[in-house]
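Q: Hi, got a minute to walk through a structure with me? I'd like to start with the charged pairs.

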Amino acid sequence: MRAVIQRPPAVCLAVCSALSAAFLAQPALAKDDAPAISTTYVGVTSGGSNQTGERTASAGYEQISTSAQLSSEGEQINADFSLDYRIAGAPRLDGTHLVGSFLSVSIKGSVPLNGSKPGSVVDFKTFGSGGNLTLGFNYFRPRVTSVSQSYPVIRQLARYCVATSVSKWGDDGHGSPAEAAAGAAALGRFDQSAADTELGVFEIIKETVGDEAGTGTIGKAIAENCSKDNPKLTDDSSFIDVFATRGLTPAEAAAWRRNVRSEGTLFLGGQVSLGYNRFDIVDRTALANRPVDRIGYDANGRIGYVFGGANVMALGTFGYTRSYKAKDVVDVCGPPDINGKSICINGQDGAPDRKDTGYAGAVLRVVVLRNKDGEATLGIRPSATYVFEDKDWQLEIPVFFQHTDTGGLDAGVKGIYNTGKKDFGIGAFVGLAF
């Protein structure tokens, strides 16, 4: 079971829209080592929104989500838990732009309880071996145009929506002189209402629809496409997301993406993972098994920037890992007794080997082509990673071209080269988010 997190206030989403490309497409910091869950015995979750101050974007918001459960993987029983805390600071007006700040902090972990011992719920001899704890954070700082500064463009796109609704309504069998006059009158009401700079765009649409909102009327057609009856239109700035590539000329759209919609987003992230393991080694002197405990870790971070228009993202990553590898299992026997029999034990042949590895990398994500709705249809994401211990570079150039239903990219072909092994490979991939 998972907690359901309440959606932030809609007015805040208008300010935060420039974050989406950065937030959804960042490469993962580290592999998730939590065990796969096959059966859930007990689950307790909680979640919701704790609004700071007034329930508006000007006051920011907080979200807290928690989860705890017992789960099984084969015969092993695990206690899994997580806590996520997200906070959005109140947007700050900087000239004609709004500067936001968003911070998320997460804690999650898994504790094996029985060490795969059949018939046992808790085995204190191996309790916690194979467990892990992960602490992570992400910080975003977008800089976007204040909605009030965007109203000329937003109203232009709202009029485009009304005009296309009128045109489509006429093409759908409403071409009589009276119906044509109704369509022209609707456009006239829009222009008259839009002259009042105090009205928001949805108020203008309401005035445009007027009393003609019945089934089959021009007002109904406009409302379905240009008001909040259209699920894609959640706030004023969403007119830009929905209609910018169709309602603006290429030059106007390029100017909006470059200078109006977003001037870029800075983001930071970090994660520390700890893993506890107990190794059962052979003590040849005492002819007995002896437990040895080790804690491995992975500490990593990233810093990146999404440039205005969200067509280009640059990302730098770095990290350090300490891991342990068990020695081979051997059988060790003591000297024979007077009857010629020996006592034998088996276990790992000595303390585990330790491996420390530092790494650093860089990623460049570029949207090459977009469709008429502004969704990416072709992209590349070259990356280079350097492993300090091996003194090797891993170079990857994936080309994404499979478009998903949600407007992203998740499949394509990829070339890989490793400078240490002198290996080059090329192949297809599916399910890797752009």
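Q: How many salt bridges does a search of the whole structure find?
A: Ten, where a salt bridge is a side-chain nitrogen of Lys or Arg within 4 Å of a carboxyl oxygen of Asp or Glu. Keep in mind that this is a predicted model: local features need pLDDT of at least 70, side-chain atom pairs count only at pLDDT 80 or more, and totals for chains, interfaces and linings use all residues. Residues are numbered from 1 along each chain as its sequence is written, and side-chain values use heavy atoms, with hydrogens and water left out.

Q: Which residue does Arg 278 pair with?
A: Asp 293, with the closest N and O atoms 2.7 Å apart. Arg 278 sits in strand S8 and Asp 293 in strand S9, 15 residues apart; strands (E, at least two residues) and helices (H or I, at least four) are DSSP runs numbered from the N terminus.

Q: Is Arg 278 buried or exposed?
A: Partly exposed, at 32% relative accessibility. Buried means under 20% relative accessible area, exposed over 50%, and partly exposed in between (1.4 Å probe, protein chains only).

Q: And what does Arg 322 bridge to?
A: Asp 356, with 2.9 Å between the closest N and O atoms. Arg 322 belongs to strand S10 (residues 312–325) and Asp 356 to strand S13 (residues 353–370), so this pair ties together parts 34 residues apart in sequence. Asp 356 is buried, with a relative accessible area of 18%.

Q: Where is Lys 327, the partner of Asp 353?
A: Lys 327 is in the loop between S10 and strand S11 (329–333), while Asp 353 lies in strand S13. Their closest N and O atoms are 3.7 Å apart.

Q: Switching topic: which residues touch the most other members of the largest nonpolar core?
A: Val 162, Ile 222 and Phe 239, out of 29 residues. Such a core is a set of buried Ala, Val, Leu, Ile, Met, Phe, Trp, Tyr and Cys residues joined through side-chain atoms within 4.5 Å. H3 gives the largest share of this core, seven residues.

Q: What about backbone oddities, say the phi of Leu 287?
A: Phi of Leu 287 is near 50°, a positive value in a residue other than glycine. Most residues other than glycine have a negative phi. Leu 287 is in the loop between strand S8 (265–283) and strand S9 (288–306).

Q: Where does Lys 422 lie?
A: In the loop between strand S17 (411–418) and strand S18 (423–430). Lys 422 also has a positive phi, about 55°, and counts as exposed at 60% relative accessibility.
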